[in-house]
Amino acid sequence: MSDRALRPAVVAAVEPGSIAAELGFEPGDALVAINGDRPRDLIDYRFLCAEEYLTLEILGKDGQTYVLEIEKDIDQDLGLEFTTALFDGLMQCNNRCPFCFIDQQPPGKRQSLYLKDDDYRLSFLYGSYITLTNLLPSEWQRIARLRLSPLYVSVHATVPSIRQRLLKNPRAGEILQQIRWFQEQRLQLHAQVVVCPGINDGECLEQTLRDLAQFYDPEWPTVLSVAVVPVGLTRFRPAEDELIPVTPDHAQAVIQRVQALQQRFEQQWQTPFAWLADEWFLIAGSPLPPAAHYQDYPQLSNGVGTIRLFLEEFELHAQQLPQRLPQPRHLSWVVGNTVEQAFAPLVARLNQIENLRLDLYALASDYWGQQMSVTGLLTGHDLIYHLKGKPLGDRLLLPSLMLKHDEPVFLDDVPLATVEEALGIPIQVVSGGAAGIIAACTHPENA
């Protein structure tokens, strides 16, 4: 175990009424060891706490060391939350993928935006995608020993030379052997393929999906699903990256190729297995698949089915829309321009409510230099650039995914308050999907 693993786990919050609360834990205290073992991360913490008798070594925020002995039910949680899930630091990426979003950002922003996460522990805990290129034998052994499954793996290509070209890493060509190791260990993974036109599309994409399908067995699939995602490019990317943006024609070609494979997989296994991200259909101007196509939405966090799910949720809640509002309301709703066509019918339906006027502002990102932008990438600069001086009405509605999860700050580090002041209008951050938008439009008390 490295010295980095010896850092105590600093407590961020204590659940009221929990064992930790009864023991007197407070934010700022630090957990050093459990039954003599020092946890590396939240995974170790959870495994070590799954015992009936625990001896806890604590470094109090007063600088004193305490030893507590407790008896509890097996698997009963202590009620502690920590400042980080990784007590020994983040395992960062050792690849140089030209399409990496981290490298497509301008310098000088908050430090967390430049951390290249390639940590299998965050993959297990939170579903972040990793490449498997930075794992030492001891980490592979730990994955097997603790049964850390499923993991989420960025495959991109199964042809060794092409994956090496994409990741700029000679170890990248080992991906099929690594997936075979998962199969031998009876561990599972979800995969993703970021398609870069002219590099891993066409026949390469088809071979990649066929290779991954060899690891699908309805009784026990090693590869549970594959998400096919279009590359996203910004104006800050390196000039020598050899990447080109996805065009509507290219998107349509990818849709046709993948859908042909989906039909074969459906006939064989009753699942599409490989799933197209919503962006393909939005870029191509093609209709989204029906809700039944997505089954249990296995790649929802990768943008597969999020728009369809939003539309289905809207239809469900629209059945209870009021016919009129007590007082006139004029609102504006900001989204990325990729969803403009999909969301226009929703806005038209809401505007049928008497006394409600909702304007949809579907924006491309000037900040990133994109002609087509997803909502989550819109920045404070984009809002001011596009909306200043526009008739925004009484209030501006912003999806919460545009902001840092724990702070009202956009991806370009512009605070929400700065945008509100520049536009001269109250801004309401909306969460909760379609239900949240409907509530923001129809219930003034939620404003």
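Q: Which residues are linked with Asp41 in a network of salt bridges?
A: In this predicted model, local features need pLDDT of at least 70, side-chain atom pairs count only at pLDDT 80 or more, and totals for chains, interfaces and linings use all residues. Residues are numbered from 1 along each chain as its sequence is written, and side-chain values use heavy atoms, with hydrogens and water left out. A salt bridge here is a side-chain nitrogen of Lys or Arg within 4 Å of a carboxyl oxygen of Asp or Glu. The network joins Asp41 to Arg40, Asp44, Asp88, Asp119, Arg121, Glu139 and Arg142.

Q: How many residues apart in sequence are the parts that Asp41 and Arg121 tie together?
A: The closest N and O atoms of this salt bridge are 3.0 Å apart. Asp41 lies in the loop between strand 2 (30-34) and helix 2 (42-48), and Arg121 in helix 3 (residues 120-126); helices (H or I, at least four residues) and strands (E, at least two) are DSSP runs, numbered from the N terminus. The pair therefore ties together parts whose separation in sequence is 80 residues.

Q: Is Arg257 buried or exposed, or partly exposed?
A: Arg257 forms a salt bridge with Glu206, with the closest N and O atoms 2.8 Å apart. Buried means under 20% relative accessible area and exposed over 50%, with partly exposed in between (1.4 Å probe, protein chains only). At 30% relative accessibility, Arg257 counts as partly exposed.

Q: Which residue follows helix 6?
A: Helix 6 covers residues 175-185, and its buried residues include Trp181 and Phe182. The residue that follows has a positive phi, near 55°, and is Arg186.
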